[in-house]
Amino acid sequence: MRFSTNEGGKGKGKGKGKGGKGGKGKGKGKPEPEGPPEEMKVLGEFMHTAEDLMVCKVTLQPPFCVPHFNAGIWTVEKAKIGKVDDVLGSLKDILFTVKPEAGVQAAGYQPGDVMHISTEKLLPLHRFTTPPGKGKGKGGKGKGKGKG
């Protein structure tokens, strides 16, 4: 059997071939354990518990930042407290919940206790306030009149 690529024939192929699609990279294994960050920033402070979560308030001063979901939350001594579970509240009063690590008791924290986060795990607030596609509109050129 011979595979032809339209060699020597009269027909001219105008089809557009598509390359193979690469894998999505969805790993099936467990993620690598996250060690203490090199640079940390005070993200906020503990307010109270709600079921098995810790409710905290973002205390960063402008420019405001929002934590990544599942970002590690640490003490000043770089001991892991848990991970960001949810972000809620208004743009001026941002709250977040922390799911404590195994062995960490949420009841052991007092209101006002400081929570730290890696500087690499913060998103600027404008990512949530700027409408998508703003300033990226297509040109307003219309079709000109055809010849003859």
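I'll start at one strand contact: A50 stands opposite L53 in β2. Keep in mind throughout that this is a predicted model. That contact belongs to the pairing of β1 with β2, two strands that run antiparallel and are joined by six bridges.

Now the wider sheet. Six strands close into a barrel, and going round it the order is β1-β2-β6-β5-β4-β7, with antiparallel pairing. From one strand to the next, the twist averages 45 degrees.

Next, β7. What does β7 pair with? On one side there is β1, in the antiparallel sense, over five bridges. One residue to look at there is M40, whose bridge partner in β7 is S118. β7 also pairs with β4, again in the antiparallel sense, over two bridges. For a residue on that side, take I73, which stands opposite I117 in β7. Is β7 mostly covered or mostly open? Mostly covered: four of its five residues are buried.

On to the interior. The largest nonpolar core has 20 residues. Those with the most contacts inside it are L43, M54, C56, I73, F96, V98 and M115. As for where the core residues come from, at least two are supplied by each of β1 (40–50), β2 (53–58), β3 (65–67), β5 (80–89), β6 (94–100) and β7 (114–118). I73, then, is on that list of residues with the most contacts, and the same I73 is the one facing I117.

Now the aromatics. How many aromatic pairs does a search of the whole structure find? One. The partners are F46 and Y109; their ring centres are 6.2 Å apart and their planes are at 50 degrees, so the pair is tilted. The cut-offs behind that word are these: planes under 30 degrees apart count as stacked, and over 60 as edge-to-face. The pair links distant parts of the chain, since F46 is in strand β1 and Y109 in the loop between β6 and β7, 63 residues apart. F46 has 3% relative accessibility, so F46 counts as buried.

Y109 also leads to my last residue, T75. T75 sits in the loop between β4 (72–74) and β5. Is T75 buried or exposed? T75 counts as buried, because its relative accessibility is 14% and the limit for buried is under 20%. Setting aside neighbours within four places in sequence, T75 is in contact with M40, I81, Y109 and H116. Two of those names have come up already: M40 as the bridge partner of S118, and Y109 as the ring paired with F46.

That is where I'll stop.

Note on methods. Residues are numbered from 1 along each chain as its sequence is written. This is a predicted model: local features need pLDDT of at least 70, side-chain atom pairs count only at pLDDT 80 or more; totals for chains, interfaces and linings use all residues. Side-chain values use heavy atoms; hydrogens and water are left out. A nonpolar core is a set of buried Ala, Val, Leu, Ile, Met, Phe, Trp, Tyr and Cys residues joined through side-chain atoms within 4.5 Å. Buried means under 20% relative accessible area, exposed over 50%, partly exposed in between (1.4 Å probe, protein chains only). Rings of Phe, Tyr and Trp (its six-membered ring) pair if their centres lie within 6.5 Å; planes under 30 degrees apart count as stacked, over 60 as edge-to-face and the rest as tilted. Contact means heavy atoms within 4.5 Å. Two strands pair if DSSP finds at least two bridges between them. Axes are lines fitted to C-alpha atoms, for helices over the stretch in contact, and angles run from 0 to 180 degrees between N-to-C directions.
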